[in-house]
There are 4 protein chains.
Amino acid sequence: MQFLSDNAASVHPKVWEAMHAADAVDAPYDGDAFSKALDERFSDLFGRECAALWAATGTAANCLALATMCEPQGGVVCHREAHIEVDEAGAPGFYLHGAKLLLAEGEGAILTPDGVRAVIDPIREGVHQVQPHAISITQASEYGRNYRPEEVAAISSLAEERGLGLHIDGARFANAVAFLGCSAAEAVGSAQALSFGFIKNGAMSAEAVVLFDLSAADLVRYRRKRAGHLQSKGRFLAAQIIAMLEGDLWLNNARAANAAAAEIGHACVDRLMHPVEANEVFMRCTASEREALRKQGFSFYDWGDDAARFVAAWNAREEDAVALGKAIVSL
Amino acid sequence: MQFLSDNAASVHPKVWEAMHAADAVDAPYDGDAFSKALDERFSDLFGRECAALWAATGTAANCLALATMCEPQGGVVCHREAHIEVDEAGAPGFYLHGAKLLLAEGEGAILTPDGVRAVIDPIREGVHQVQPHAISITQASEYGRNYRPEEVAAISSLAEERGLGLHIDGARFANAVAFLGCSAAEAVGSAQALSFGFIKNGAMSAEAVVLFDLSAADLVRYRRKRAGHLQSKGRFLAAQIIAMLEGDLWLNNARAANAAAAEIGHACVDRLMHPVEANEVFMRCTASEREALRKQGFSFYDWGDDAARFVAAWNAREEDAVALGKAIVSL
Amino acid sequence: MQFLSDNAASVHPKVWEAMHAADAVDAPYDGDAFSKALDERFSDLFGRECAALWAATGTAANCLALATMCEPQGGVVCHREAHIEVDEAGAPGFYLHGAKLLLAEGEGAILTPDGVRAVIDPIREGVHQVQPHAISITQASEYGRNYRPEEVAAISSLAEERGLGLHIDGARFANAVAFLGCSAAEAVGSAQALSFGFIKNGAMSAEAVVLFDLSAADLVRYRRKRAGHLQSKGRFLAAQIIAMLEGDLWLNNARAANAAAAEIGHACVDRLMHPVEANEVFMRCTASEREALRKQGFSFYDWGDDAARFVAAWNAREEDAVALGKAIVSL
Amino acid sequence: MQFLSDNAASVHPKVWEAMHAADAVDAPYDGDAFSKALDERFSDLFGRECAALWAATGTAANCLALATMCEPQGGVVCHREAHIEVDEAGAPGFYLHGAKLLLAEGEGAILTPDGVRAVIDPIREGVHQVQPHAISITQASEYGRNYRPEEVAAISSLAEERGLGLHIDGARFANAVAFLGCSAAEAVGSAQALSFGFIKNGAMSAEAVVLFDLSAADLVRYRRKRAGHLQSKGRFLAAQIIAMLEGDLWLNNARAANAAAAEIGHACVDRLMHPVEANEVFMRCTASEREALRKQGFSFYDWGDDAARFVAAWNAREEDAVALGKAIVSL
């Protein structure tokens with residue numbers, strides 16, 4: 001029973017179906033009808049005009065988006081445990097040509113205006129120190145926490161006040177929206193760009209860079225090609241995304257994953273390191289407890305010495321989550 | 001009848017099959033059994049130990065390979081019409097951190113030792129001019145020409161003599177091997193790295209970076225991740241490649257494409273701009289002749305004002321090629 | 001008798017004097033009164049508001065200026081023999097983060113609108129090819145030729161029409177202005193940025209980046225620091241520049257150098273490879289003729305196998321130029 | 001009475017003298033006799049063969065040195081308050097093409113093996129996280145503290161054990177050696193590279209990159225040119241350095257500066273934030289105390305709200321230091 005990661009999960013049947021439907025030759029690169037439809041699909045979803053492009057990984061999506069708001073000599077404020085800082089192998093330094101990540105603190109890997117100010121206020125004006133150009137937040141966060149619409153708005157206000165761009169790493173954006181019960185638009189507030197994740201949620205190899213600042217779209221197009229991310233059979237990526245948006249598959253998959261995580265979370269509420277607000281559960285437990293769970297067939301990551309991380313993928317089976325919950329209760 | 005490009009062609013049924021077979025969860029990134037098998041598969045094919053990694057585009061494959069042999073302050077000698085110079089949006093400048101392409105001449109986009117020497121000999125030693133670090137050739141070339149094994153060897157010798165790396169852009173490597181009738185090993189000579197293309201030849205989204213210098217593999221691994229090219233469901237890319245290698249599908253597909261191109265080439269032998277040695281045909285013809293062909297249902301690219309380019313994909317139908325040949329003869 | 005280069009010439013006494021006067025402590029970096037005066041000094045000289053910053057080399061000045069008008073994914077059109085292409089070790093690739101130089105042809109290393117169009121018109125729109133962002137010309141050119149004001153204007157018009165920036169590499173700008181007999185303003189036309197050279201003309205280690213687009217000044221300030229070019233005792237650079245501007249020392253030095261070159265040029269008018277319009281003379285002559293001149297004590301560079309290059313520095317002695325002229329006539 | 005900084009201090013008369021002596025034309029760039037002598041001079045000083053090149057700023061020297069030991073995908077461990085992290089405007093990100101600084105803690109901006117291990121041990125092996133390639137320490141530190149030879153040795157051992165390079169930012173290396181009373185060689189231990197500062201210590205515009213790994217020299221030469229730091233009249237930089245080495249001027253100047261700082265330090269021993277081991281004094285004091293000192297004619301930096309920083313330059317006058325000491329005592 002797999003609770004290791006949502007990263008390697010299977011591909012949803014409807015995604016497979018859409019990919020097959022896209023097999024017949026159309027135009028190369030992003031000249032096909034599927035790719036061309038993305039702007040409209042996401043504009044409909046967010047209720048305002050936006051531009052949307054596919055990219056094969058969250059790292060590429062994040063970096064392409066950030067490059068529209070941070071120049072090489074600038075910095076991006078993000079959480080000390082943000083994925084772009086910790087798990088992207090320095091990709092922001094590559095895509096942003098040496099720009100710096102400026103690390104802020106915050107409970108549950110969630111940034112607050114105070115946390116951001118604590119980083120940017122001490123920066124001396126002038127050329128000797130790297131000046132902030134943008135803020136990046138992760139929705140849902142690296143610890144499965146979500147920004148409420150008013151929290152996004154507060155960060156947005158600060159960003160605007162200081163002339164900074166705002167980017168959202170939404171590798172698990174669907175899980176956040178599913179949990180918050182708000183609209184996709186409310187979950188992004190007035191961010192300029194969103195990396196909208198689909199791969200962890202049932203797609204195979206397509207994330208979307210959603211740009212609410214339309215003037216940034218050309219830059220992303222050029223930079224995507226320059227980064228070797230303009231696939232010649234791009235229709236297969238676009239088709240995945242369209243399938244995920246169709247009939248709210250993205251939301252339904254995320255709800256299923258969240259439900260499984262919630263099931264597990266309820267079983268260990270007194271052991272939780274973070275409230276369960278998406279599809280991840282971080283639970284305090286000893287090495288021998290983890291061993292006991294593994295013996296019962298559950299797979300998951302150790303989280304340091306005294307904890308475990310369970311991730312429910314879109315196709316997590318309810319009975320597995322129930323079983324895991326029971327196993328935890330019996331520890 | 002499609003002779004526009006091999007770039008957007010359909011995916012081969014066996015590739016689809018292999019991808020479906022890879023759907024069941026295995027490890028994320030390149031920890032899966034398919035990805036792990038690549039080194040061995042390519043070592044078998046080339047008859048010597050090599051390391052092989054998937055990448056989603058030829059541009060990424062080329063640039064990741066080149067970055068193992070050219071430092072940021074160096075230069076890569078390539079043909080003035082090489083894909084890396086003309087059609088990759090400056091990706092080598094991005095991946096190689098500002099390194100320069102040093103442009104050589106040569107009939108049919110084929111480099112010769114003399115052509116390379118004409119570029120590198122005038123470079124003054126010392127720090128004022130960009131020094132060459134590597135040579136990149138395209139097999140088959142941008143005009144559908146192939147380097148004979150002895151021609152690759154001659155370039156190799158020059159590279160070794162001057163301490164330069166040698167990279168082969170093999171976006172259509174299969175077509176070259178199919179035409180040359182030699183082994184894959186003979187077609188690469190002693191190059192350090194090959195970008196082995198599968199996408200134009202029946203795959204969906206996977207090329208291979210093949211490294212004959214094993215010490216370069218780690219660098220490519222780190223740089224691939226850093227470029228956002230380490231896909232979390234990498235097994236789907238590896239599976240495509242393995243399917244293409246299985247039963248020589250890569251060779252069979254290329255043979256079919258070459259045969260279709262040869263059919264067309266025979267029909268217009270006196271109009272040819274370049275000998276037909278792969279799956280591309282460059283033919284002199286007037287605008288009205290092109291119009292006449294298009295009226296008969298053939299699609300293809302104009303090549304400047306006085307020529308046309310026909311590309312036969314792996315699934316080009318023989319009858320279409322025959323029909324095109326007849327139409328050309330009747331012009 | 002030295003006609004090798006103006007590059008290593010002595011420092012003018014008035015520059016020394018100004019440097020000594022700047023010794024007393026003032027503010028560090030560019031906070032001193034000398035550095036702060038530059039904007040006004042150059043605004044006076046050019047008759048319009050501009051921003052001016054010192055830099056220690058022409059390479060740094062050129063690259064800092066170009067970085068204000070060409071993004072990493074773009075290209076800068078320049079002459080195939082431009083200093084930025086041939087003699088700056090790939091610095092534009094470094095400072096512009098991988099942007100490309102797009103090489104144009106032109107007699108005497110002088111670009112024309114037609115020469116520029118021949119480079120940019122064939123570039124396909126779209127993301128596959130590097131799009132031009134700027135044009136860079138050299139005034140005086142690498143062969144000692146000058147753009148007449150109307151020629152600068154023609155290039156400027158083309159640049160504006162195509163939305164491109166215009167940069168002037170003015171390593172020998174003083175020599176150009178001295179020859180043209182026009183104002184400094186006329187010699188730059190509506191370029192956005194000028195690298196104004198002083199080092200070859202009597203200074204020790206200071207060039208100026210002159211920005212006619214004031215909005216670019218901050219970017220140059222940040223990038224200069226980031227490139228390690230913000231010297232802590234910057235007053236010594238600013239003082240050099242102010243001394244050079246004082247009483248038209250820059251023009252007088254350039255006139256002296258030009259006069260010496262003209263003297264030599266007159267002596268070999270039938271051997272000239274390029275008209276002598278600045279302080280350089282390119283003369284056809286055989287190896288044995290060059291040997292004969294060297295035996296008489298003249299030092300200069302061989303220019304390929306069949307020519308010599310003589311450069312008159314600001315302190316070239318008239319009698320040496322006369323002597324060289326006579327020696328040439330007697331060959 | 002100036003205790004603001006050593007950064008903008010006057011130039012030592014012997015340095016002026018040496019610069020004048022270098023005025024007569026020699027070779028351009030670093031082909032002159034002064035530049036060529038540097039290797040030998042520093043080899044003599046350090047008692048082992050080394051290569052030495054001039055650079056106009058400490059930032060350039062640091063970054064050129066670091067680029068020899070950290071690839072673009074790697075990281076450099078340094079103190080959270082290291083100059084390269086805090087005051088170089090992101091220059092390491094530029095010169096190292098996006099490499100990352102990995103921030104360690106340590107009293108007085110001094111790194112310890114434990115502090116370094118606390119940063120590098122948690123880094124997971126593999127491609128997802130930036131791997132350390134080098135360590136950089138500052139001797140004397142940003143708080144005027146010095147590494148004892150055995151402390152440098154301990155860091156060196158760790159570096160060797162982990163396969164990391166070791167760089168020393170020696171902007172105030174002279175002050176460290178003067179304080180430690182050891183040889184220059186003992187103060188660098190087995191570091192591969194040292195940025196040896198002269199500008200704060202009496203020179204005008206020349207620092208030295210000293211490479212104990214001779215194989216790195218060519219890379220620094222190419223990168224220096226590519227960064228626009230190869231000055232055409234480089235002899236003026238080399239001459240400054242040679243003058244500073246001559247007769248131990250570097251040591252004598254540093255001793256004088258240290259003595260002045262020690263004088264001040266003695267006067268406020270109970271207010272000191274850090275032991276005074278070089279030419280900087282960090283002293284706790286209130287805003288009104290600072291105001292009182294300023295009224296008596298002392299200039300210095302506020303260090304946050306509750307402290308002041310005094311820096312004694314090479315030409316700090318003993319009587320000024322004594323006067324400041326008395327003024328502090330009387331607060």
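**How the chains meet**

Guide: The contact takes 36 residues from chain B and 36 from chain A. This is a predicted model: local features need pLDDT of at least 70, side-chain atom pairs count only at pLDDT 80 or more, and totals for chains, interfaces and linings use all residues. Residues are numbered from 1 along each chain as its sequence is written, while chains are lettered from A in the order in which they are written.

Visitor: What makes two residues count as in contact?

Guide: Their C-beta atoms, placed from the backbone, lie within 7 Å. By that rule Ile241(C) touches Trp54(C) and Phe198(C), among others, not counting residues up to four places away in sequence.

Visitor: Which classes make up the side of chain B that touches chain A?

Guide: That side has 19 nonpolar, twelve polar and five charged residues. Here Ala, Val, Leu, Ile, Met, Phe, Trp, Tyr, Cys and Pro count as nonpolar, Asp, Glu, Lys and Arg as charged, and the others, Gly among them, as polar.

Visitor: Why is the relation of chain A to chain C called a two-fold axis?

Guide: Copies are superposed by least squares on C-alpha atoms of residues with pLDDT of at least 70 in both. Chain A lies on chain C with an RMSD of 0.0 Å, after a turn of 180° and a shift of 0.0 Å along the axis. That is the relation of a two-fold axis. In chain A, the C-alpha nearest the axis is that of His97(A), 3.3 Å from it.

Visitor: How do you know that the copies meet through the same surface?

Guide: 100% of the interface residues of chain A are also interface residues in chain C, so the copies meet through the same surface.
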